[in-house]
Amino acid sequence: MTDERTLVIVDAANVVGSVPDGWWRDRRGAAERLRDSLVPYAAGGLPGHPGPVELVLVVEGAARDVGSVPGVRVMAAPGIGDDLIAELAAAAHGARPCVVVTADRGLRQRAEAYGARCTGPRTVRPLPPPRET
């Protein structure tokens, strides 16, 4: 039996890095917070891709030991996260819809070559409210 749910692949490093909230002080913790914030999307889906969806969070570097939770499968890239994301998009090509969440232009081009739709980090991580001065 094939999985017909949309595959949503989230570039953890790119999405975490999209908001300057001090993530660099605790990369693992930032990836865990992102993972936990993704859980509702598994059932609810993304704009244009109603739920349920299969969510995969690709981590690298200091976040490699972040574990999966119900609704979000975490995959640790053995090297560069972009390579694993491209491999996952290639594997989904022709089998089911695939969405890659990243702002990385090079990765977007690679994923789109495999038929993936790409969307930016704001899809899953709204910008924080502006600071009052």
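This section describes the sheet, the helices packed on it and one exposed strand residue in a predicted model.

The central element is an open sheet of 5 strands, arranged in the order β5-β4-β1-β6-β7 with parallel pairing. The edges of this sheet are formed by β5 and β7 (117–119), each of which pairs on one side only. On average, neighbouring strands are turned by 25° against each other when direction is ignored. Strands of a sheet pair through backbone hydrogen bonds, in either a parallel or an antiparallel sense.

The pairing may be followed along the sheet from β5. Strand β5 (residues 72–76) runs parallel to β4 and is joined to it by 5 bridges. Within this pair, Met75 of β5 is the bridge partner of Val58. On its other side, β4 pairs with strand β1 (residues 7–11), again in the parallel sense and over 5 bridges. Two positions illustrate the register between β1 and β4: Val10 stands opposite Leu57, and Asp11 stands opposite Val58. Val58 of β4 is thus placed opposite Asp11 and is also bridged to Met75 in β5.

Beyond β1, the sheet continues with β6 (98–101), which pairs with β1 in the parallel sense over 4 bridges. Here Ile9 stands opposite Val100 in β6. The pairing of β6 with β7 is likewise parallel and comprises 3 bridges, with Val99 opposite Arg117 in β7.

Burial was examined for two of these strands, β4 and β6. In strand β4 (residues 54–59), 6 of the 6 residues are buried, so the strand is largely enclosed by the rest of the structure. In a regular strand the side chains alternate between the two faces of the sheet. Both faces of β4 are covered, with Glu54, Val56 and Val58 buried on one side and Leu55, Leu57 and Val59 buried on the other. Strand β6 is also covered on both faces: Cys98 and Val100 are buried on one side, and Val99 and Val101 on the other.

Two helices lie across the sheet. Helix α3 lies across β1, β4, β5 and β6 and runs at about 170° to β1. Helix α4 lies across β1, β6 and β7, at about 155° to β7.

These helices also pack against each other. Two packed helices are described by the angle between their axes and the distance between the axes. The axes of α3 (residues 81–92) and α4 (residues 105–113) come within 8 Å and cross at roughly 20°. The two helices are therefore roughly parallel to each other, the cut-off for this class being under 35 degrees. Their crossing is right-handed. The contact is made by Asp82, Asp83, Ile85, Ala86 and Ala89 of α3 with Leu107, Arg110 and Ala111 of α4. By class, this contact contains 5 nonpolar, no polar and 3 charged residues.

A further position of interest is Pro50, which is located in strand β3 (residues 49–50). Pro50 has a relative accessible area of 64% and is therefore exposed, the cut-off being over 50%. When residues up to four places away in sequence are not counted, Pro50 touches Gly44 and Gly45. Pro50 and Thr6 are separated by 44 residues in sequence, while the C-alpha to C-alpha distance is 8.5 Å.

Notes:
Residues are numbered from 1 along each chain as its sequence is written. This is a predicted model: local features need pLDDT of at least 70, side-chain atom pairs count only at pLDDT 80 or more; totals for chains, interfaces and linings use all residues. Side-chain values use heavy atoms; hydrogens and water are left out. Axes are lines fitted to C-alpha atoms, for helices over the stretch in contact, and angles run from 0 to 180 degrees between N-to-C directions. Angles under 35 degrees count as roughly parallel, over 145 as roughly antiparallel, 65 to 115 as roughly perpendicular and the rest as oblique. A crossing is left-handed if the near helix is turned anticlockwise from the far one by less than a right angle, and right-handed if clockwise. Contact means heavy atoms within 4.5 Å. Ala, Val, Leu, Ile, Met, Phe, Trp, Tyr, Cys and Pro count as nonpolar, Asp, Glu, Lys and Arg as charged, and the others, Gly among them, as polar. Buried means under 20% relative accessible area, exposed over 50%, partly exposed in between (1.4 Å probe, protein chains only). Two strands pair if DSSP finds at least two bridges between them.
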